[in-house]
Amino acid sequence: MELKHFTKGGVHPYDSKYTSEKPITNAHLPKQVRIPMNMHIGAPAKVLVKAGDKVEEGQLIGEAVGFISANIHASVSGTVIAVEKADTLVAKGVDYVVIETGGSIRNWYDKKFDYSKTPPEKLLEMVKAAGVVGMGGATFPTHVKLSPPKEKQMDIFIVNGAECEPYLTIDHRTMVEKPDAIIEGVNIIKKILGVKRVMIGIEENKPDAIEAISKASEGDPSIEVYALRTRYPQGGEKQLIQALTGREVPSGGLPSDVGIVVQNVATIFAIYEAVVFQKPLIERGLTYTGEQIEMRGNYKVRIGSPVQELINEFGMPAEHGTVIAGGPMMGLELTDMKFPVTKGTSGIVVLPKKKDYAVNDYPCIRCGRCQFVCPIGLEPWYLKTLTDKSLIEEAVERGLLDCIECGSCSFVCPSTIPLVAMFRFGKGFWRRKQAAAAKQAG
Ligand code: SF4
Ligand code: SF4
(Lines give C-alpha, C1' and ligand atoms only; values in the text may rest on other atoms or scores of the structure.)
(Ligands and ions follow the chains in the order given, each with its own letter.)
Protein backbone atom coordinates (compact mmCIF):
# COMPACT_ATOMS: atom_id res chain seq x y z
CA MET A 1 0.00 0.00 0.00
CA GLU A 2 1.39 3.42 -0.95
CA LEU A 3 2.05 5.55 2.14
CA LYS A 4 0.55 9.04 2.14
CA HIS A 5 2.33 11.79 4.02
CA PHE A 6 2.54 15.54 4.46
CA THR A 7 5.49 17.20 2.82
CA LYS A 8 6.82 19.90 5.13
CA GLY A 9 8.68 19.45 8.44
CA GLY A 10 7.57 17.13 11.21
CA VAL A 11 9.46 15.00 13.72
CA HIS A 12 9.61 11.36 14.68
CA PRO A 13 9.61 11.04 18.47
CA TYR A 14 9.86 7.54 19.94
CA ASP A 15 6.21 6.55 19.90
CA SER A 16 6.02 4.78 23.30
CA LYS A 17 2.68 3.18 22.40
CA TYR A 18 2.86 0.65 25.24
CA THR A 19 -0.90 0.20 25.44
CA SER A 20 -1.70 -0.54 21.80
CA GLU A 21 -2.73 -4.09 22.62
CA LYS A 22 -4.67 -3.33 25.79
CA PRO A 23 -8.42 -3.67 25.27
CA ILE A 24 -10.62 -0.78 26.40
CA THR A 25 -12.12 -1.47 29.84
CA ASN A 26 -14.35 0.56 32.15
CA ALA A 27 -12.79 2.59 34.94
CA HIS A 28 -14.65 2.42 38.28
CA LEU A 29 -17.48 4.86 38.79
CA PRO A 30 -15.97 7.86 40.59
CA LYS A 31 -17.34 8.80 44.02
CA GLN A 32 -17.81 12.31 42.78
CA VAL A 33 -17.63 14.10 39.44
CA ARG A 34 -16.66 17.73 38.92
CA ILE A 35 -18.02 18.90 35.60
CA PRO A 36 -16.85 22.26 34.19
CA MET A 37 -19.21 24.20 31.95
CA ASN A 38 -16.60 25.10 29.35
CA MET A 39 -15.21 21.81 28.10
CA HIS A 40 -15.49 23.15 24.57
CA ILE A 41 -14.40 26.05 22.41
CA GLY A 42 -17.00 28.84 22.44
CA ALA A 43 -19.41 30.16 25.04
CA PRO A 44 -19.57 28.21 28.34
CA ALA A 45 -22.82 26.33 28.95
CA LYS A 46 -25.43 27.80 31.32
CA VAL A 47 -25.87 25.83 34.54
CA LEU A 48 -29.39 24.34 34.86
CA VAL A 49 -29.13 22.74 38.31
CA LYS A 50 -28.44 23.82 41.89
CA ALA A 51 -27.03 22.26 45.04
CA GLY A 52 -29.41 19.66 46.46
CA ASP A 53 -30.91 18.63 43.09
CA LYS A 54 -31.08 14.94 42.25
CA VAL A 55 -29.83 14.21 38.73
CA GLU A 56 -29.99 11.17 36.48
CA GLU A 57 -27.14 9.95 34.30
CA GLY A 58 -27.48 11.69 30.94
CA GLN A 59 -29.62 14.57 32.25
CA LEU A 60 -28.92 17.99 30.75
CA ILE A 61 -27.17 20.08 33.42
CA GLY A 62 -25.56 22.75 31.23
CA GLU A 63 -27.29 24.32 28.24
CA ALA A 64 -25.39 25.57 25.19
CA VAL A 65 -25.46 29.36 24.90
CA GLY A 66 -25.41 30.58 21.29
CA PHE A 67 -24.25 28.77 18.17
CA ILE A 68 -20.65 27.98 19.16
CA SER A 69 -21.25 26.21 22.44
CA ALA A 70 -22.18 22.70 23.59
CA ASN A 71 -24.66 21.02 25.93
CA ILE A 72 -23.34 19.30 29.03
CA HIS A 73 -24.95 16.30 30.76
CA ALA A 74 -24.64 14.59 34.12
CA SER A 75 -22.13 11.79 33.68
CA VAL A 76 -23.46 9.89 36.71
CA SER A 77 -26.70 9.69 38.67
CA GLY A 78 -26.55 11.33 42.08
CA THR A 79 -26.97 14.55 44.02
CA VAL A 80 -25.59 17.96 43.09
CA ILE A 81 -23.57 18.94 46.13
CA ALA A 82 -22.25 22.25 44.78
CA VAL A 83 -22.26 24.65 41.90
CA GLU A 84 -19.00 26.50 42.33
CA LYS A 85 -16.40 28.53 40.53
CA ALA A 86 -12.96 27.03 40.00
CA ASP A 87 -10.15 27.08 37.44
CA THR A 88 -9.64 24.64 34.59
CA LEU A 89 -6.39 23.96 32.77
CA VAL A 90 -7.13 26.77 30.36
CA ALA A 91 -9.49 29.21 32.10
CA LYS A 92 -10.09 30.87 35.44
CA GLY A 93 -13.33 31.10 37.43
CA VAL A 94 -15.36 28.56 35.48
CA ASP A 95 -18.73 27.20 36.72
CA TYR A 96 -18.43 23.61 37.91
CA VAL A 97 -21.29 21.27 38.79
CA VAL A 98 -20.16 18.84 41.49
CA ILE A 99 -22.21 15.63 41.74
CA GLU A 100 -21.93 13.00 44.42
CA THR A 101 -22.43 9.66 42.71
CA GLY A 102 -25.35 7.49 43.80
CA GLY A 103 -28.40 5.90 42.22
CA SER A 104 -29.03 4.05 39.03
CA ILE A 105 -26.58 3.22 36.27
CA ARG A 106 -28.32 3.51 32.94
CA ASN A 107 -28.12 0.94 30.17
CA TRP A 108 -27.89 2.97 26.98
CA TYR A 109 -27.52 0.01 24.67
CA ASP A 110 -30.79 -1.91 24.93
CA LYS A 111 -32.48 -0.28 21.93
CA LYS A 112 -31.05 0.80 18.57
CA PHE A 113 -32.53 3.78 16.76
CA ASP A 114 -33.05 3.22 13.05
CA TYR A 115 -31.86 6.47 11.50
CA SER A 116 -32.14 5.33 7.87
CA LYS A 117 -35.19 7.53 7.21
CA THR A 118 -34.18 10.39 9.51
CA PRO A 119 -33.50 13.62 7.60
CA PRO A 120 -29.98 15.15 7.85
CA GLU A 121 -31.22 18.20 9.83
CA LYS A 122 -32.69 15.93 12.49
CA LEU A 123 -29.45 13.91 12.71
CA LEU A 124 -27.53 17.15 13.17
CA GLU A 125 -29.95 18.13 15.96
CA MET A 126 -29.27 14.81 17.69
CA VAL A 127 -25.52 15.41 17.56
CA LYS A 128 -26.02 18.90 18.96
CA ALA A 129 -28.37 17.71 21.71
CA ALA A 130 -25.81 15.11 22.81
CA GLY A 131 -23.14 17.78 23.37
CA VAL A 132 -20.58 16.19 21.04
CA VAL A 133 -17.34 18.15 20.59
CA GLY A 134 -14.02 17.38 18.88
CA MET A 135 -12.52 14.71 21.12
CA GLY A 136 -9.03 14.67 19.63
CA GLY A 137 -8.34 17.61 21.93
CA ALA A 138 -9.65 20.51 19.84
CA THR A 139 -13.11 20.45 21.53
CA PHE A 140 -14.78 22.47 18.79
CA PRO A 141 -18.57 21.85 18.92
CA THR A 142 -19.22 19.12 16.36
CA HIS A 143 -22.63 20.35 15.18
CA VAL A 144 -20.93 23.57 14.08
CA LYS A 145 -18.22 21.68 12.20
CA LEU A 146 -20.92 19.62 10.52
CA SER A 147 -22.72 22.81 9.40
CA PRO A 148 -20.24 24.35 6.92
CA PRO A 149 -21.31 27.59 5.23
CA LYS A 150 -23.92 26.94 2.52
CA GLU A 151 -21.86 28.77 -0.11
CA LYS A 152 -19.00 26.31 0.34
CA GLN A 153 -19.44 22.96 -1.35
CA MET A 154 -18.09 20.02 0.69
CA ASP A 155 -16.99 17.06 -1.42
CA ILE A 156 -14.78 15.00 0.91
CA PHE A 157 -15.14 13.84 4.48
CA ILE A 158 -11.85 12.78 6.10
CA VAL A 159 -11.59 10.43 9.05
CA ASN A 160 -8.58 11.24 11.21
CA GLY A 161 -7.30 7.89 12.45
CA ALA A 162 -3.67 9.02 12.55
CA GLU A 163 -3.30 9.26 16.35
CA CYS A 164 0.20 10.60 15.82
CA GLU A 165 0.87 11.75 19.41
CA PRO A 166 3.31 9.46 21.24
CA TYR A 167 1.86 7.28 24.05
CA LEU A 168 -1.83 7.61 23.06
CA THR A 169 -3.60 4.50 21.79
CA ILE A 170 -7.29 5.04 22.51
CA ASP A 171 -8.24 5.85 18.90
CA HIS A 172 -6.21 2.85 17.76
CA ARG A 173 -8.08 0.52 20.12
CA THR A 174 -11.46 2.04 19.18
CA MET A 175 -10.76 1.28 15.50
CA VAL A 176 -9.69 -2.28 16.31
CA GLU A 177 -12.58 -3.00 18.69
CA LYS A 178 -15.42 -0.97 17.14
CA PRO A 179 -14.78 -0.76 13.39
CA ASP A 180 -18.45 -1.29 12.46
CA ALA A 181 -19.54 1.49 14.81
CA ILE A 182 -16.94 3.82 13.26
CA ILE A 183 -18.20 3.06 9.76
CA GLU A 184 -21.81 3.56 10.90
CA GLY A 185 -20.75 6.91 12.37
CA VAL A 186 -19.11 7.75 9.05
CA ASN A 187 -22.37 6.97 7.24
CA ILE A 188 -24.31 9.27 9.59
CA ILE A 189 -21.84 12.10 8.90
CA LYS A 190 -21.98 11.42 5.13
CA LYS A 191 -25.73 11.85 5.33
CA ILE A 192 -25.50 15.08 7.34
CA LEU A 193 -22.89 16.61 5.03
CA GLY A 194 -24.26 15.14 1.80
CA VAL A 195 -20.75 14.13 0.68
CA LYS A 196 -20.11 11.17 -1.58
CA ARG A 197 -16.44 10.52 -0.83
CA VAL A 198 -14.79 9.49 2.44
CA MET A 199 -11.03 9.15 2.99
CA ILE A 200 -9.80 7.42 6.13
CA GLY A 201 -6.16 8.00 7.12
CA ILE A 202 -4.46 5.74 9.68
CA GLU A 203 -0.74 5.77 10.54
CA GLU A 204 1.10 2.65 9.38
CA ASN A 205 2.09 1.75 12.96
CA LYS A 206 -1.50 0.49 13.47
CA PRO A 207 -1.77 -2.33 10.90
CA ASP A 208 -4.54 -4.08 12.85
CA ALA A 209 -6.63 -0.89 12.79
CA ILE A 210 -6.06 -0.49 9.04
CA GLU A 211 -7.18 -4.07 8.56
CA ALA A 212 -10.26 -3.78 10.81
CA ILE A 213 -11.47 -0.54 9.23
CA SER A 214 -10.76 -1.80 5.69
CA LYS A 215 -12.79 -4.94 6.41
CA ALA A 216 -15.69 -2.99 7.97
CA SER A 217 -15.90 -0.70 4.93
CA GLU A 218 -15.39 -3.44 2.33
CA GLY A 219 -17.79 -3.22 -0.57
CA ASP A 220 -18.56 0.49 -0.06
CA PRO A 221 -16.93 2.30 -3.01
CA SER A 222 -17.42 5.69 -1.33
CA ILE A 223 -14.93 4.85 1.45
CA GLU A 224 -11.16 4.72 0.83
CA VAL A 225 -8.72 3.64 3.54
CA TYR A 226 -5.12 4.90 3.41
CA ALA A 227 -2.01 4.08 5.39
CA LEU A 228 -0.08 7.18 6.44
CA ARG A 229 3.63 7.41 7.06
CA THR A 230 4.31 7.58 10.80
CA ARG A 231 5.53 11.10 11.28
CA TYR A 232 4.31 13.66 13.80
CA PRO A 233 2.03 15.74 13.31
CA GLN A 234 0.44 13.56 10.63
CA GLY A 235 -2.92 13.95 12.44
CA GLY A 236 -2.90 17.76 12.25
CA GLU A 237 -5.93 18.70 10.12
CA LYS A 238 -3.95 20.69 7.59
CA GLN A 239 -1.24 18.03 7.33
CA LEU A 240 -3.79 15.23 6.97
CA ILE A 241 -5.71 17.07 4.27
CA GLN A 242 -2.51 17.71 2.36
CA ALA A 243 -1.31 14.12 2.77
CA LEU A 244 -4.57 12.59 1.55
CA THR A 245 -5.79 15.06 -1.08
CA GLY A 246 -2.88 17.37 -1.91
CA ARG A 247 -5.13 20.35 -1.10
CA GLU A 248 -3.63 23.20 0.94
CA VAL A 249 -5.79 24.94 3.53
CA PRO A 250 -4.95 28.64 3.14
CA SER A 251 -3.29 30.62 5.94
CA GLY A 252 -6.00 31.64 8.41
CA GLY A 253 -8.47 29.38 6.59
CA LEU A 254 -10.45 26.29 7.51
CA PRO A 255 -10.75 22.83 5.93
CA SER A 256 -14.18 23.90 4.65
CA ASP A 257 -12.36 26.47 2.44
CA VAL A 258 -11.07 23.51 0.41
CA GLY A 259 -14.33 21.53 0.53
CA ILE A 260 -13.32 19.18 3.35
CA VAL A 261 -14.58 18.29 6.82
CA VAL A 262 -12.33 16.29 9.16
CA GLN A 263 -13.39 14.39 12.29
CA ASN A 264 -11.28 12.20 14.51
CA VAL A 265 -12.17 8.63 15.41
CA ALA A 266 -13.29 9.31 19.00
CA THR A 267 -15.67 12.03 17.81
CA ILE A 268 -17.13 9.76 15.14
CA PHE A 269 -17.73 7.09 17.78
CA ALA A 270 -19.50 9.70 19.97
CA ILE A 271 -21.67 10.71 16.98
CA TYR A 272 -22.58 7.05 16.43
CA GLU A 273 -23.60 6.69 20.09
CA ALA A 274 -25.51 9.99 20.05
CA VAL A 275 -27.63 8.92 17.07
CA VAL A 276 -27.91 5.14 17.35
CA PHE A 277 -28.32 4.95 21.15
CA GLN A 278 -29.29 8.57 21.86
CA LYS A 279 -26.52 8.64 24.41
CA PRO A 280 -25.11 12.07 25.29
CA LEU A 281 -21.38 12.57 25.67
CA ILE A 282 -21.00 11.53 29.31
CA GLU A 283 -17.93 9.32 29.09
CA ARG A 284 -14.90 8.97 26.88
CA GLY A 285 -12.07 6.57 26.19
CA LEU A 286 -8.59 7.64 27.23
CA THR A 287 -5.13 6.16 27.54
CA TYR A 288 -3.65 6.14 31.04
CA THR A 289 0.04 5.50 30.54
CA GLY A 290 3.67 6.11 31.33
CA GLU A 291 6.86 4.03 31.54
CA GLN A 292 6.46 3.36 35.26
CA ILE A 293 2.69 2.84 35.33
CA GLU A 294 1.90 -0.81 35.99
CA MET A 295 -1.81 -0.62 35.17
CA ARG A 296 -1.36 1.42 32.02
CA GLY A 297 -4.14 0.82 29.56
CA ASN A 298 -7.13 2.18 27.65
CA TYR A 299 -10.11 3.04 29.81
CA LYS A 300 -13.63 4.39 29.51
CA VAL A 301 -13.95 7.18 32.03
CA ARG A 302 -16.93 9.30 33.12
CA ILE A 303 -16.57 12.96 32.20
CA GLY A 304 -15.76 14.96 35.31
CA SER A 305 -13.83 12.16 37.05
CA PRO A 306 -11.03 13.84 39.02
CA VAL A 307 -7.63 12.67 37.75
CA GLN A 308 -6.82 11.78 41.37
CA GLU A 309 -9.47 9.02 41.18
CA LEU A 310 -7.67 7.52 38.17
CA ILE A 311 -4.37 7.75 40.03
CA ASN A 312 -5.95 5.92 42.98
CA GLU A 313 -7.23 3.21 40.65
CA PHE A 314 -4.36 2.76 38.21
CA GLY A 315 -1.39 3.89 40.27
CA MET A 316 1.26 6.55 40.00
CA PRO A 317 4.92 6.14 40.98
CA ALA A 318 6.00 8.38 43.84
CA GLU A 319 9.01 9.47 41.77
CA HIS A 320 7.71 10.77 38.52
CA GLY A 321 8.03 13.75 36.25
CA THR A 322 5.29 15.71 34.57
CA VAL A 323 1.67 14.52 34.40
CA ILE A 324 0.05 15.59 31.16
CA ALA A 325 -3.59 15.75 30.08
CA GLY A 326 -3.46 14.68 26.41
CA GLY A 327 -0.31 13.62 24.59
CA PRO A 328 3.21 14.84 25.43
CA MET A 329 3.45 17.02 22.31
CA MET A 330 0.21 19.00 22.48
CA GLY A 331 -1.17 18.17 25.91
CA LEU A 332 -1.20 20.42 28.97
CA GLU A 333 0.65 19.82 32.20
CA LEU A 334 -1.64 18.98 35.10
CA THR A 335 -0.85 21.19 38.06
CA ASP A 336 -3.60 19.86 40.32
CA MET A 337 -4.82 16.26 40.34
CA LYS A 338 -8.30 17.47 41.32
CA PHE A 339 -8.71 18.62 37.70
CA PRO A 340 -11.31 16.48 35.98
CA VAL A 341 -11.26 14.42 32.81
CA THR A 342 -13.08 16.53 30.23
CA LYS A 343 -14.52 15.84 26.79
CA GLY A 344 -11.14 16.65 25.24
CA THR A 345 -8.93 14.48 27.48
CA SER A 346 -7.55 11.77 25.20
CA GLY A 347 -4.97 10.59 27.69
CA ILE A 348 -3.22 11.00 31.01
CA VAL A 349 0.49 10.59 30.39
CA VAL A 350 2.95 10.33 33.27
CA LEU A 351 6.44 11.16 32.07
CA PRO A 352 9.41 9.84 34.02
CA LYS A 353 11.87 12.40 35.36
CA LYS A 354 14.51 11.69 32.74
CA LYS A 355 12.08 12.45 29.90
CA ASP A 356 10.68 15.63 31.35
CA TYR A 357 10.60 18.52 29.00
CA ALA A 358 13.10 20.73 30.77
CA VAL A 359 12.45 24.44 30.98
CA ASN A 360 16.01 25.59 31.43
CA ASP A 361 15.63 28.06 28.60
CA TYR A 362 19.25 28.38 27.42
CA PRO A 363 19.84 31.06 24.80
CA CYS A 364 18.86 30.45 21.22
CA ILE A 365 21.94 29.39 19.28
CA ARG A 366 20.34 30.02 15.87
CA CYS A 367 20.78 26.40 14.85
CA GLY A 368 17.65 26.53 12.69
CA ARG A 369 16.34 23.10 13.74
CA CYS A 370 12.98 24.53 14.79
CA GLN A 371 12.48 26.05 11.34
CA PHE A 372 13.41 22.79 9.64
CA VAL A 373 10.72 20.77 11.47
CA CYS A 374 7.86 23.29 11.48
CA PRO A 375 5.07 21.72 9.38
CA ILE A 376 3.63 25.16 8.64
CA GLY A 377 6.91 26.63 7.40
CA LEU A 378 7.21 29.22 10.18
CA GLU A 379 10.42 30.53 11.74
CA PRO A 380 9.89 29.62 15.41
CA TRP A 381 13.21 31.14 16.52
CA TYR A 382 12.17 34.48 15.02
CA LEU A 383 8.65 34.33 16.45
CA LYS A 384 10.26 33.66 19.83
CA THR A 385 12.48 36.74 19.48
CA LEU A 386 9.43 38.86 18.66
CA THR A 387 7.25 37.49 21.48
CA ASP A 388 10.19 37.93 23.91
CA LYS A 389 10.16 41.60 23.02
CA SER A 390 6.34 41.79 23.22
CA LEU A 391 6.24 42.60 19.51
CA ILE A 392 3.11 40.49 19.11
CA GLU A 393 1.79 42.44 16.12
CA GLU A 394 4.97 41.70 14.17
CA ALA A 395 4.80 38.06 15.29
CA VAL A 396 1.24 37.85 13.95
CA GLU A 397 2.46 39.30 10.65
CA ARG A 398 5.10 36.52 10.57
CA GLY A 399 2.42 33.83 10.97
CA LEU A 400 2.02 33.39 14.74
CA LEU A 401 -1.70 32.64 14.36
CA ASP A 402 -0.93 29.90 11.81
CA CYS A 403 1.03 27.97 14.45
CA ILE A 404 -0.87 24.75 15.17
CA GLU A 405 0.92 24.34 18.52
CA CYS A 406 2.20 20.94 17.48
CA GLY A 407 5.30 21.27 19.68
CA SER A 408 7.71 19.96 17.03
CA CYS A 409 9.93 23.03 17.41
CA SER A 410 10.12 22.69 21.21
CA PHE A 411 10.86 18.98 20.79
CA VAL A 412 14.00 19.52 18.70
CA CYS A 413 15.31 22.70 20.30
CA PRO A 414 18.75 21.93 21.82
CA SER A 415 18.37 24.92 24.14
CA THR A 416 15.11 23.44 25.49
CA ILE A 417 13.32 26.71 24.91
CA PRO A 418 9.57 26.25 25.58
CA LEU A 419 8.69 27.67 22.17
CA VAL A 420 5.15 26.35 21.93
CA ALA A 421 4.25 27.67 25.39
CA MET A 422 5.49 31.10 24.29
CA PHE A 423 3.38 30.94 21.14
CA ARG A 424 0.29 29.91 23.09
CA PHE A 425 0.82 32.87 25.39
CA GLY A 426 1.40 35.23 22.43
CA LYS A 427 -1.76 34.04 20.63
CA GLY A 428 -3.85 34.37 23.80
CA PHE A 429 -2.49 37.88 24.37
CA TRP A 430 -3.32 38.86 20.79
CA ARG A 431 -6.87 37.47 20.95
CA ARG A 432 -7.60 39.21 24.24
CA LYS A 433 -6.30 42.47 22.77
CA GLN A 434 -8.50 42.05 19.68
CA ALA A 435 -11.55 41.23 21.81
CA ALA A 436 -10.96 44.28 24.00
CA ALA A 437 -10.59 46.51 20.92
CA ALA A 438 -13.80 45.10 19.41
CA LYS A 439 -15.67 45.71 22.68
CA GLN A 440 -14.43 49.28 22.86
CA ALA A 441 -15.49 49.89 19.26
CA GLY A 442 -19.00 48.90 20.33
S1 SF4 B 1 4.48 24.61 17.45
FE2 SF4 B 1 3.98 26.10 15.86
S3 SF4 B 1 5.93 27.07 15.34
FE4 SF4 B 1 6.41 25.16 16.46
S5 SF4 B 1 6.68 23.63 14.86
FE6 SF4 B 1 4.52 23.51 15.47
S7 SF4 B 1 3.46 24.88 14.06
FE8 SF4 B 1 5.65 25.38 13.90
S1 SF4 C 1 15.93 25.16 17.68
FE2 SF4 C 1 16.07 26.42 19.51
S3 SF4 C 1 18.20 27.09 19.54
FE4 SF4 C 1 17.82 26.32 17.47
S5 SF4 C 1 17.18 28.15 16.30
FE6 SF4 C 1 15.33 27.22 17.09
S7 SF4 C 1 14.93 28.30 19.02
FE8 SF4 C 1 17.08 28.69 18.48
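## Nonpolar cores

In this predicted model, the largest nonpolar core comprises 43 residues, and those with the most contacts inside it are F157, V159, V186, I188, I200, I202 and I213. Helices and strands both contribute: α1 (120-129), α4 (179-193), α5 (207-216) and α7 (265-276), together with β9 (156-161), β10 (197-203) and β11 (223-228), each supply at least two residues of this core. The most is given by α7, from which ten residues come.

The surroundings of F157 can be followed residue by residue. Leaving aside residues up to four places away in sequence, F157 touches V186, I189, L193, V195, R197, V198, M199, V261, V262, Q263 and I268. A second core, separate from the one described above, has 21 residues, including A86, V301, L334 and V350.

## The surroundings of ligand 2

Ligand 2 is surrounded by C364, I365, R366, C367, G368, C370, W381, C413, P414 and S415. Sorted by class, this shell consists of seven nonpolar residues, two polar residues and one charged residue.

## Salt bridges

Side chains of opposite charge can pair when their charged atoms come close. The model contains 22 salt bridges, counted with a limit of 4 Å between a side-chain nitrogen of Lys or Arg and a carboxyl oxygen of Asp or Glu. One of them joins D53 and K50, whose closest N and O atoms are 3.1 Å apart; K50 is exposed, its relative accessible area being 54%.

Another salt bridge brings together the side chains of D95 and K85, with an N to O distance of 2.8 Å. This pair links distant parts of the chain, since D95 belongs to strand β8 (residues 94-101) and K85 to strand β7 (residues 78-86), ten residues apart. D95 counts as partly exposed, at 26% relative accessibility, whereas K85 is exposed, with a relative accessible area of 59%.

## A buried pair and its network

K279 and E273 also form a salt bridge, in which the closest N and O atoms lie 3.5 Å apart, and both of these residues are buried. Through salt bridges that share partners, K279 and E273 are joined with E57, E283, K300 and R302 into one network. E273 lies within the residue range of α7 (265-276), the element that gives the most to the largest nonpolar core.

Note on methods
Residues numbered from 1 in each chain as written. Chains lettered and ligands numbered in written order. Predicted model: local features only at pLDDT ≥ 70, side-chain atom pairs only at ≥ 80, totals over all residues. Heavy atoms only, no water. Core = buried A, V, L, I, M, F, W, Y, C linked by side-chain atoms within 4.5 Å. Buried < 20%, exposed > 50% of the residue type's maximum accessible area, 1.4 Å probe, protein only. Helix = DSSP H or I, 4+ residues; strand = E, 2+ residues; numbered from the N terminus. Contact = heavy atoms within 4.5 Å. Near = heavy atom within 4 Å. Nonpolar A, V, L, I, M, F, W, Y, C, P; charged D, E, K, R; others polar.
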